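Biologist: I would like a close look at a single part of this assembly, with enough of the surroundings to place it. Please take your time and keep the reasoning visible.

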4 protein chains.
Amino acid sequence: MTDTGGIASDQLRAFVERIERLEEEKKVLADDIKDVYAEAKGNGFDAKILRKVVMLRKKKPHEREEEESILDLYKHALGMDSGRE
Amino acid sequence: MTDTGGIASDQLRAFVERIERLEEEKKVLADDIKDVYAEAKGNGFDAKILRKVVMLRKKKPHEREEEESILDLYKHALGMDSGRE
Amino acid sequence: MTDTGGIASDQLRAFVERIERLEEEKKVLADDIKDVYAEAKGNGFDAKILRKVVMLRKKKPHEREEEESILDLYKHALGMDSGRE
Amino acid sequence: MTDTGGIASDQLRAFVERIERLEEEKKVLADDIKDVYAEAKGNGFDAKILRKVVMLRKKKPHEREEEESILDLYKHALGMDSGRE
């Protein structure tokens with residue numbers, strides 16, 4: 001590993017290996033998350049809706065409520081009201 | 001373009017060019033869609049919510065209503081109710 | 001469609017329908033592109049590599065060559081040289 | 001939290017919180033990965049090419065070499081040869 005056009009091979013290798021280790025850990029977590037959704041589904045919950053709830057919880061309550069009220073307005077204007085209203 | 005390892009160069013080129021033409025047309029449409037959202041925004045509509053409405057309209061009404069009622073249930077269970085209820 | 005909280009329902013509906021028409025056309029093109037790849041595959045071409053070639057052709061030749069020479073350098077430094085060199 | 005339409009609120013909340021914790025850890029790792037790329041860039045490496053190297057290393061050597069030789073063939077057939085060949 002001498003003729004590398006002036007590249008610091010060891011440093012490059014160190015960066016690549018650090019990235020690969022972190023990506024491996026990230027993959028494990030992604031799999032863990034999938035497992036929790038699968039477990040929730042196995043307990044009768046709807047995984048798709050659960051995913052939506054998790055996404056909605058990232059928003060501030062007032063932000064979420066404002067978006068919901070605009071959405072309701074648009075749906076009403078387009079005749080997309082559900083029976084509950 | 002004779003020594004191409006047995007590849008039918010002309011045929012390959014024809015496929016690539018057909019794909020490129022279609023991708024170009026697709027890009028024009030994607031830009032058109034962006035323009036309509038921008039125009040809607042310029043007329044006072046919320047582009048993000050509009051995007052959501054378009055997405056919701058792809059679902060069948062009963063499907064959409066069922067998902068909404070499960071979502072409401074989960075939100076209620078988690079104390080995420082908005083003031084409107 | 002009168003009580004819509006001040007929303008211009010007709011205007012909203014017009015925006016939504018324009019978006020839906022454009023999205024429909026875009027979907028047709030996306031399907032056409034898929035069909036060309038499938039046809040290429042049916043003629044013995046590798047669709048994945050074809051996709052890569054289409055992507056590479058979007059870059060300017062000198063840009064593509066520069067990226068390739070850096071990539072070769074890094075691969076060489078990491079001992080990822082293929083047998084052809 | 002009693003009237004929840006038969007939903008096991010505590011169980012739902014436990015699932016949501018487990019997911020949120022895992023997602024938080026995953027986000028930390030994603031940020032760490034970004035930091036390593038930034039550090040590599042600060043040391044003179046090309047982050048985009050580095051990303052490509054990391055991706056290529058996920059493939060088996062013979063798989064990578066086969067893909068590269070098909071790509072070279074297609075590029076040659078389309079007159080996209082770089083000067084190095």
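How many helices and how many strands does chain A have? And, beyond that, how do H1(B) and H2(C) meet?

Modeller: This is a predicted model, and everything that follows should be read in that light. Chain A has 3 helices and 0 strands, which follow one another along the sequence in the pattern α-α-α. Of the 85 residues in chain A, 38% are buried. An unreviewed UniProt entry lists residues 12–39 of chain A as a "coiled-coil region"; in the model this stretch is 100% helix and 0% strand, with its end C-alpha atoms 41 Å apart.

Now to the part you asked about. Two packed helices are described by the angle between their axes and the distance between the axes. For helix H1 (residues 9–42) of chain B and helix H2 (residues 47–56) of chain C, the axes come within 11 Å and cross at roughly 60°, and the crossing of H1(B) with H2(C) is right-handed. On the H1(B) side the contact is made by Leu12(B), Val16(B), Ile19(B), Glu20(B) and Glu23(B), which meet Leu50(C), Val53(C) and Val54(C) of H2(C). Sorted by character, the residues of this contact comprise 6 nonpolar and 2 charged ones, with no polar residue among them.

Chains B and C also meet at Lys26(C), which lies in helix H1 (residues 9–42) of chain C. Leaving aside residues up to four places away in sequence, Lys26(C) touches Lys26(B), Leu29(B), Ala30(B) and Ile33(B). Its relative accessibility is 29%, and Lys26(C) therefore counts as partly exposed, since buried would require a value under 20% and exposed one over 50%.

H1 of chain B and H2 of chain C appear again in the surroundings of helix H3 of chain D, where the buried residues of H3(D) pack against both of them, as well as against helix H3 (61–77) of chain C and helix H2 (47–57) of chain D. The buried residues of H3(D) are Arg64(D), Glu67(D), Glu68(D), Ile70(D), Leu71(D), Asp72(D), Tyr74(D), Lys75(D) and Ala77(D). The length of H3(D), residues 61–77, can be checked as well: at 1.5 Å a residue its 17 residues should span 24 Å, and because the end C-alpha atoms are 24 Å apart, the two values agree. Just after H3(D), Gly79(D) adopts a positive phi of about 70°.

Definitions and conventions
Residues are numbered from 1 along each chain as its sequence is written. Chains are lettered from A and ligands numbered from 1 in the order in which they are written. This is a predicted model: local features need pLDDT of at least 70, side-chain atom pairs count only at pLDDT 80 or more; totals for chains, interfaces and linings use all residues. Side-chain values use heavy atoms; hydrogens and water are left out. Axes are lines fitted to C-alpha atoms, for helices over the stretch in contact, and angles run from 0 to 180 degrees between N-to-C directions. Helices (H or I, at least four residues) and strands (E, at least two) are DSSP runs, numbered from the N terminus. A crossing is left-handed if the near helix is turned anticlockwise from the far one by less than a right angle, and right-handed if clockwise. Contact means heavy atoms within 4.5 Å. Ala, Val, Leu, Ile, Met, Phe, Trp, Tyr, Cys and Pro count as nonpolar, Asp, Glu, Lys and Arg as charged, and the others, Gly among them, as polar. UniProt positions are given in the numbering used here, feature names are shortened, and annotations may be inferred rather than shown by experiment. The expected span of a helix is 1.5 Å times one less than its number of residues. Buried means under 20% relative accessible area, exposed over 50%, partly exposed in between (1.4 Å probe, protein chains only).
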